[in-house]
Structure formats: C-alpha cells, structure tokens
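This report describes the fold and the nonpolar interior of one protein chain. Please view the sequence and the structure together while reading.

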Amino acid sequence: MTHDYTAAVTTTITWRELHRDVYELAQRLAALGPFRGIVAVARGGLIPAGLVARYLDLRHVDTVCISSYSDRVQGDPCVLKEIEGDGEGWLIVDDLVDSGITARTVKRMLPKAHYATVYAKPEGRPLVDTHLVDIDQHVWLIFPWDTEPGE
C-alpha cells in the first residue's frame with residue numbers, strides 16, 4: 001500500500017511552534033509517567049523525543065529506525081533498527097502519525113510502551129496513546145528540519 005501526498009495542502013511548522021507543541025505534549029506525558037526512558041522513532045521523532053527527554057528529565061534515550069517514505073510517497077516500512085523487549089515502562093515519541101504504517105510497525109515491536117506523537121492525522125490517530133494536535137489527513141506537514149536554514 002502506498003500513499004502519494006504530492007497533491008496535498010502543505011503547512012510549515014516553525015521551530016517556535018514545534019517547541020511550544022512539544023512542551024505542551026510533555027506536560028500531558030508528565031502526568032502519565034514516570035517512564036524508564038524514551039524511544040525516538042527515527043528520523044522524524046528524533047528532535048521531539050530529545051525535547052521531551054529534556055522536559056521530563058529522562059536520560060535513557062534509544063531509537064527505532066524505520067523508513068517508509070521516499071519523495072513524499074509512503075510505502076511499506078523497512079525496519080533498520082529494532083529494540084529488544086516489549087516496551088514496558090517506555091515512552092515512544094514521534095513527530096506525526098499519518099496513515100499509521102510506522103505506528104503499527106513500532107507497536108508490534110513494543111506493544112506495552114506508551115506511544116505519543118505531537119501531531120496526528122485521522123487514519124493513524126487510533127494507534128497512538130497520546131497526541132497533541134489534530135491534523136487533517138490531506139495536509140502535508142513540513143517540519144523545521146526539512147527546510148533550509150533561515151526559512
């Protein structure tokens with residue numbers, strides 16, 4: 001199954017918006033902890049996970065590495081790095097849940113972890129335990145790390 005987002009409406013998230021949103025997400029997550037550590041979903045979840053780790057004072061940070069996009073076309077996930085265990089006590093952080101392809105893959109790996117995303121689209125929203133901002137399915141988000149410096 002592939003999803004082509006080339007015709008989607010685009011919205012750019014600024015660094016300021018991202019920090020604000022991740023901080024608010026971390027406040028929600030603080031009430032659900034404590035957590036043993038954070039699992040960042042690489043690559044999109046790396047920066048949000050680092051910020052959440054800072055806000056929640058968590059120092060144990062690991063990654064799962066999955067590739068499912070190529071030139072804004074989503075395809076089958078390719079797992080590049082897994083984590084052992086069932087996720088008990090861990091917090092998974094990603095930037096966005098879109099179709100749910102990546103989330104399903106990570107949840108199979110770590111079924112007992114708490115899955116959090118900053119942004120969530122309708123197709124993937126049921127797969128996450130906590131999210132902050134609802135995004136329409138047809139909107140393509142451009143994150144600050146996907147722009148040129150100074151933009």
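Among contacts between residues at least 6 apart in sequence, 63% join residues at least 24 apart, where contact means heavy atoms within 4.5 Å. This is a predicted model, in which local features need pLDDT of at least 70 and side-chain atom pairs count only at pLDDT 80 or more, while totals for chains, interfaces and linings use all residues. Residues are numbered from 1 along each chain as its sequence is written, and side-chain values use heavy atoms, with hydrogens and water left out.

The protein comes to three helices and nine strands, in the order β-β-α-β-α-β-β-β-α-β-β-β from the N terminus. Helices (H or I, at least four residues) and strands (E, at least two) are DSSP runs, numbered from the N terminus. Of the 151 residues, 50% count as buried, that is, under 20% relative accessible area with a 1.4 Å probe and protein chains only.

The largest nonpolar core has 26 residues. Such a core is a set of buried Ala, Val, Leu, Ile, Met, Phe, Trp, Tyr and Cys residues joined through side-chain atoms within 4.5 Å. The elements below each supply at least two residues of the largest core.

| Element | Residue range |
|---|---|
| Helix H1 | residues 15-30 |
| Strand E3 | residues 37-42 |
| Helix H2 | residues 46-55 |
| Strand E6 | residues 90-97 |
| Strand E7 | residues 114-120 |
| Strand E9 | residues 139-142 |

H1 gives the most to this core, with five residues. Apart from this core lies another, of 17 residues, among them Val 64, Ile 83, Ala 103 and Ala 113. Ile 38 is among the residues with the most contacts inside the largest core; beyond its neighbours within four places in sequence, its contacts include Ala 49, Val 52, Trp 90 and Leu 91.

How do H1 and H2 pack? Their axes, lines fitted to C-alpha atoms over the stretch in contact, are 9 Å apart and make an angle of about 50 degrees. H1 and H2 are therefore oblique to each other. Residues making the contact include Trp 15, Leu 18 and Val 22 of H1 and Ile 47, Leu 51 and Tyr 55 of H2. Within H2, Pro 48, Ala 49, Leu 51, Val 52 and Ala 53 are buried. Just after H2, Asp 57 takes a positive phi of about 55 degrees.

Trp 140 lies in strand E9 and is buried, with a relative accessible area of 15%. Trp 140 and Ala 8 are 132 residues apart in sequence and 5.8 Å apart in space, C-alpha to C-alpha.

Terms used:
Axes fitted to C-alpha atoms, helices over the stretch in contact; angles between N-to-C directions. Parallel < 35°, antiparallel > 145°, perpendicular 65-115°, else oblique.
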